[in-house]
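Work through the exercises below with the coordinates open. Each one sets a task and then solves it in steps.

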Amino acid sequence: MRIVHNPDHHRHQGRLEMFRGRLVPCHETPARVDHVLAELGRRPQGPVVLPDDAGLDALLARVHAPRYLAFLGRAWDDWVALDPANAALDAIPSVWPVRGFRADLEPDNFAARLGLYSFDAGTPLTAGSWAAARAGAACALTAARAVTGGGERQAFALTRPPGHHAGADFFGGYCFLNNAAVAAQALREAGAARVAVLDIDYHHGNGTQSLFYERADVFTASIHGDPRTEYPFYLGHADERGAGPGLGHNLNLPLPRGTGWAGWAAALDAALAALGTFGADACVVSLGVDTYAGDPISGFTLDSADYTEIGRRIAAALGGRPCVWVYEGGYAVDAVGVNVVNVLEGANA
Ligand code: SP5
Ligand code: ZN
């Protein structure tokens with residue numbers, strides 16, 4: 001399995017996120033990737049390579065809205081232009097256009113633009129966020145190319161910030177560019193007629209779902225904490241099954257907070273059966289390990305050994321079809337290295 005490592009990930013380093021009326025230290029930290037890389041040093045799963053961004057910008061424009069990409073590309077400079085002192089602060093949204101407001105017009109005011117293109121106050125935009133996110137999307141593209149003519153059956157995009165909460169024109173949930181969607185789109189364009197995205201992060205992959213909701217060529221499945229109580233709250237229910245040509249091509253498997261291995265594994269088997277019925281030629285796995293019992297912001301109770309079995313079951317169900325693994329969440333920093341590498345080892349076996 002080829003590992004594509006984002007060398008620029010540390011350039012995105014948020015300081016504080018809003019939580020229950022307080023600004024608390026960001027959970028989504030550079031150490032999350034550093035620990036996975038260190039564990040891969042101890043238990044290698046394949047060559048570690050750098051991303052190649054050839055063709056990336058054109059591909060990004062087929063996944064995200066051009067005006068959103070243009071906004072992200074210059075957002076930091078716009079923020080600092082407001083006041084040079086802003087260079088020492090992160091930009092955090094505080095105003096949003098909810099139902100009934102105009103989303104077609106891009107305001108001149110920076111704070112208003114920041115809110116137009118986001119959905120929470122937990123995702124600070126920093127000096128290096130764009131560079132890190134763009135290099136991360138390049139990792140996803142490079143991983144997709146590795147399994148489509150690159151001589152590999154599986155590849156892992158080892159990157160942050162994560163991506164599955166980012167939609168066509170919004171960031172949030174620590175995500176800016178949807179790396180899994182970039183990989184899925186790249187697999188489609190390389191000739192896979194039917195692509196599945198399996199999202200096993202604790203949180204519903206709202207961005208991925210919304211990007212492919214009306215498409216019949218990409219099946220999306222997500223196993224996650226029930227949005228009645230769990231972030232991102234406003235999407236991820238079982239009755240969301242796709243729309244138009246995509247009807248029947250989205251599967252949500254929400255589970256109650258407190259779910260352990262038995263309940264989670266049953267949902268995994270159901271998702272894998274659905275992927276088989278769909279007839280996917282290739283697969284993208286949004287690999288969050290925030291389903292771990294020790295995760296500080298999540299509510300499932302998987303243990304480290306369970307991750308090996310997850311990798312094994314997914315690889316067995318794919319039966320040799322190309323698979324791109326993409327790193328998403330996982331905030332128990334001291335355990336994410338072991339848990340992620342356990343998945344990859346199970347998948348490689
Ligand atoms: C990619 C991903 O896993 N994104 C998750 C985003 C969750 N953001 C909201 C979480 C708020 C949790 N704050 C908990 C503080 C406990 N001390
Ligand atoms: Zn998550």
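**Exercise 1. Classify Phe 233 by exposure, then describe its backbone.**

Solution.
- Count neighbours. Phe 233 has 14 other C-beta atoms within 10 Å.
- Apply the cut-offs. Buried needs 20 or more such atoms, and exposed needs 12 or fewer. Phe 233 is therefore partly exposed, with its 14.
- Note the source. The model is predicted.
- Place the residue. Phe 233 lies in the loop between S7 and S8. Strand S7 covers 218-225 and strand S8 covers 250-255.
- Check phi. Phe 233 is not a glycine, yet its phi is positive, about 65 degrees.
- Check the loop for a cis bond. The peptide bond from Tyr 231 to Pro 232 is cis, with omega near 5 degrees. Pro 232 is found in the loop between S7 and S8.
- Put this in context. Most residues other than glycine have a negative phi, and most peptide bonds are trans.

**Exercise 2. Find where Arg 20 sits, and decide whether it is buried or exposed.**

Solution.
- Locate it. Arg 20 is in the loop between strand S2 (16-19) and strand S3 (22-25).
- Read the backbone. Its phi is positive, about 45 degrees, although Arg 20 is not a glycine.
- Count. Arg 20 is exposed because 5 other C-beta atoms lie within 10 Å.

**Exercise 3. Identify the proline that follows Arg 160 and characterise the bond between them.**

Solution.
- Name the pair. Arg 160 and Pro 161 are joined by a cis peptide bond.
- Give the torsion. For this bond, omega is about -5 degrees.
- Place it. Pro 161 belongs to the loop between strand S5 (154-158) and H6.

**Exercise 4. Describe the largest nonpolar core and one of its best-connected members.**

Solution.
- Size it. The largest nonpolar core has 104 residues.
- Pick the hubs. Ala 157, Ala 183 and Val 324 have the most contacts inside this core.
- Find the main contributor. Helix H5 (residues 129-147) supplies the largest share, 13 residues.
- Trace one hub. Leaving aside neighbours within four places in sequence, Val 324 contacts Ala 143, Ala 144, Val 147, Ala 155, Ala 157, Ala 183, Leu 187 and Val 284.
- Recall the background. In soluble globular proteins, nonpolar side chains tend to be buried together.

**Exercise 5. Characterise how H5 packs on H6.**

Solution.
- Set the geometry. H5 and helix H6 (residues 179-189) pack at about 35 degrees, and their axes are 8 Å apart.
- Assign the hand. The crossing of H5 and H6 is right-handed.
- List the contact. From H5 come Gly 136, Ala 137, Ala 140, Leu 141, Ala 143, Ala 144 and Arg 145. From H6 come Asn 179, Ala 180, Val 182, Ala 183, Ala 186 and Leu 187.
- Sort by type. The residues of this contact divide into 10 nonpolar, 2 polar and 1 charged.

**Exercise 6. Determine which residues come nearest to ligand 1, and what the shell is made of.**

Solution.
- Start with the shell. There are 17 residues around ligand 1.
- Select the nearest. These are Phe 19, Pro 162, Gly 173, Ile 297 and Gly 329.
- Sort the shell. It divides into 8 nonpolar, 6 polar and 3 charged residues.

**Exercise 7. Assign an exposure class to each of three alanines: Ala 81, Ala 271 and Ala 316.**

Solution.
- Take Ala 81, in helix H3 (residues 66-82). Ala 81 has 11 other C-beta atoms within 10 Å, so it is exposed. Its C-alpha atom is 39 Å from that of Val 285, 204 residues apart along the chain.
- Take Ala 271, in helix H8 (residues 261-278). The count is 23 other C-beta atoms within 10 Å, so Ala 271 is buried. Beyond residues up to four places away in sequence, Ala 271 touches Leu 198, Ala 221, Ile 223, Leu 251 and Leu 253. The C-alpha atoms of Ala 271 and Leu 198 are 7.7 Å apart, with their positions 73 residues apart along the chain.
- Take Ala 316, in helix H9 (residues 304-318). With 13 other C-beta atoms within 10 Å, Ala 316 is partly exposed. Ala 316 and Ala 347 are 31 residues apart in sequence and 7.9 Å apart in space, C-alpha to C-alpha.

Methods. Residues numbered from 1 in each chain as written. Chains lettered and ligands numbered in written order. Predicted model: local features only at pLDDT ≥ 70, side-chain atom pairs only at ≥ 80, totals over all residues. Core = buried A, V, L, I, M, F, W, Y, C linked by C-beta atoms within 7 Å. Helix = DSSP H or I, 4+ residues; strand = E, 2+ residues; numbered from the N terminus. Contact = placed C-beta atoms within 7 Å. Near = placed C-beta within 6 Å. Nonpolar A, V, L, I, M, F, W, Y, C, P; charged D, E, K, R; others polar. Axes fitted to C-alpha atoms, helices over the stretch in contact; angles between N-to-C directions. Left-handed = near helix turned anticlockwise from the far one by under 90°.
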